[in-house]
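Student: Could you take me through a close look at one part of this structure? I'd like to see how two helices can sit against each other.

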Amino acid sequence: MQSTRRGSPWTGLGTVIAKETADHLSSARMRILEALVFLTALAAAYAAIRSIRATIGESPFLFLRLLTMAQDPLPAFIALLGFLIPLVAIALSFDAVNGEFNRRTLSRVLAQPIYRDALLLGKFLAGLLSLTIGLCSLWLLVIGLGLLLLGLPPSTEEMMRMLGFLVATIAYGGVWLALALLFSVLFRAPATAALAALGTWLVSSLFWSFLTDIIAALVAGPAEGVLGPRLAYLNAQQLIDRLSPNTLYAETALALLQPQTRALGPVLISQLQGAVLGAPLPVTQSFVLIWPQLTGLIAATIVIFAIAYVLFQRQEIRA
Amino acid sequence: MLRRLVAVAFFVGAVALGLPSRAADPSSTLTGMFLTTRYPALTVKAGETTTVDLSLRNYKLPPQQFSVTVPEVAQGWKATILGGGQPIAAVEVASDSDERLQLRLEPPSGASAGDYHFTVEAKGEGQDLKLPLTVTVGQEVPAKLKMTTNFPDLRGTATTSFKYRLTVTNDSGRDATINLSADAPKNFQVTFTEAYGSQQLTSIPIEAGKSKDLDAALSIPRETPAGDYKLSVHAKTEQANADLNLSLTIIGQPRLAVSGEGGRLSGDAYAGQDSQLTVVLRNDGSEAARDIELSATAPEQWKTTFEPKTVPSLAPNATQEVKLTMTPSSRAIAGDYQMTVRASATGGLSESANFRVTVLTSTLWGAIGIAIIAIALLVVVFAVARFGRR
């Protein structure tokens, strides 16, 4: 039934990326989302700067405090990003495939010398590129704001940590982008796809912690034993918690932006004996600490994309 | 019967006690008026006003009035009779009592040595009492100072605070201000303080014939080598001086210092793997430290070994490097830990230093993470190959 195809499956990928990115960047939807993210994130960073100037005299990681410090009524910069980035990513790709279906343009596009492979990957990469452009400019804006208002440059270590944080944020956005793409392949109606993606987002950002408690108690028994908290329960809870990309991203941001973070799981008292508390971890060790989380986010992005790809390839697209 | 016996015994005892006292009282037989002094011939210092105590006593006579004069006064001297602190000319003596008077003798300036004669006369009704006195103006006692101490030889280490207790006696005839000084080896410092006081002194006034206790505190450099040292302290007035030789025995003392290589007190170690740290022992003291034992207080489940484990002897100003091999627990969390390295030597000597060890975890998991991403990409490539359509 299948015949071997001629040429690379990625023929026309560049064209798709360029066109899709141009569409994204000039769309009103993207502008509204960017305005939302920029305004809230900059307000959070500005509030943090004001609070730093008022309260902190000297700290080796002043720039990192810019991103982690929360000042009432605004949450911290990283908390805002963790909440809003899935929204942007979902908005970018929830109608990527089914939108083409409904406009009856898909068969027209595929009549061109472009494989489905290139179309899907191009749409995904274009979404990722738009997200990256937005995040990079936001990141630079915050650093510029910090330079201007704090009046001192970030150290090399701070720059490395903030770069790692930027990469983690993009990977986190990639997961939601791939998920929304999957739903857009799965459901023919864009509204259903958007609802499914937003539902997943709400569950993982708001209700996941309740669910983990219940599931961990079912799997590993009660939380409290005779001698206090039970390690088996804690481990099961953490394992389930880490299935959510929100948890992975929060842990990555915490370990990278708060250098004194030494461990992300339950720690035995015997492991803390002799430890100098509050001493910052070397930057390489912080990366070692969050490496599983970061690779998990990236691998999850790729795997979800692979599922979307397989489903898309097996779909009937003549309409 | 018993009571009567006791009463008789009491009476006899009282008589036995009373009789001798009554027999010994001379005033019972003596009557008349007497003018007396305790020392009718005395020696005084040149140029000094002398006061002679006189006593006019009335034994068993009615109260009488006497006029008191000094008819014989040595040339140039001035004599005044004082009663109750005032010059008087007459005195009334009650029956069976005495009146105390003073004779004040003021010599002329430049009175030479020799004997001077005076007579005091008390004249009453039908009585003329005369009391001759001889005052000798003597030569002044030559100025003399004496300085002594009970413990002239002290012993201790270079960090001991040494203190000599000195007694300075002014044996001359007049008050003097004594200047204090000391000759000590170079860099030794001697400070004088009053005994039990803290105020430092350079000179001290001492009255004639009196003595004072002083402390001479000695501060010496910590690096002073062991040995015997001599020093002398001097007390000096314009006329006299006194010296005292003191000695000091400094015994050697080892002093250990523990540090890292180049003074660095930090190091890195991988969790679950051996890593080396160089500990430097130094002896800053003045004597060799013996049998130095090394030990480390590290977090639980860490292994630490020293090579060598003990250092038999470490000469003064010598250093010795010791290799510390430490193995953090394989479950150790990355980050900084504190470890105390302690060196103990004979003689209760113990010194420690805190090292900060940064535990690093293996980057093996990094490779595994990259492998997971590679597998995910392979899945995509496989999917492209398997499901790719024309």
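Tutor: Sure, let's go through a helix pair in chain A, then glance at the other chain.

Keep in mind that this is a predicted model. Find helix α11 of chain A, residues 245-257, and helix α13 of chain A, residues 283-313. Their axes come within 9 Å and cross at roughly 150°. Angles over 145 degrees count as roughly antiparallel, so α11(A) and α13(A) are roughly antiparallel to each other. Their crossing is also left-handed.

Now for the residues that meet. From α11(A) you get A:P245, A:L248, A:Y249, A:E251, A:T252, A:A255 and A:L256. Facing them in α13(A) are A:S286, A:L289, A:I290, A:Q293, A:L294, A:G296, A:L297 and A:A300. Sort the residues of this contact by type and you find ten nonpolar, four polar and one charged.

Next, see where chain A meets chain B: the contact takes 33 residues from chain A and 34 from chain B. On the chain B side, the elements giving two or more residues are β28 (335-345), β29 (349-360) and α2 (364-387). The largest share, 13 residues, comes from α2(B). That side of chain B divides into 19 nonpolar, nine polar and six charged residues.

Finally, chain B has an open sheet of five strands, in the order β1-β3-β8-β5-β6, with antiparallel pairing. β1 (32-37) and β6 (86-87) of chain B each have a single partner strand, so one side of each is left without a neighbour in the sheet. Inside that sheet, nine bridges join β3(B) to β8(B), and B:D53 stands opposite B:Q102 in β8(B).

Definitions and conventions. Residues numbered from 1 in each chain as written. Chains lettered and ligands numbered in written order. Predicted model: local features only at pLDDT ≥ 70, side-chain atom pairs only at ≥ 80, totals over all residues. Axes fitted to C-alpha atoms, helices over the stretch in contact; angles between N-to-C directions. Helix = DSSP H or I, 4+ residues; strand = E, 2+ residues; numbered from the N terminus. Parallel < 35°, antiparallel > 145°, perpendicular 65-115°, else oblique. Left-handed = near helix turned anticlockwise from the far one by under 90°. Contact = placed C-beta atoms within 7 Å. Nonpolar A, V, L, I, M, F, W, Y, C, P; charged D, E, K, R; others polar. Pairing = 2+ DSSP bridges.
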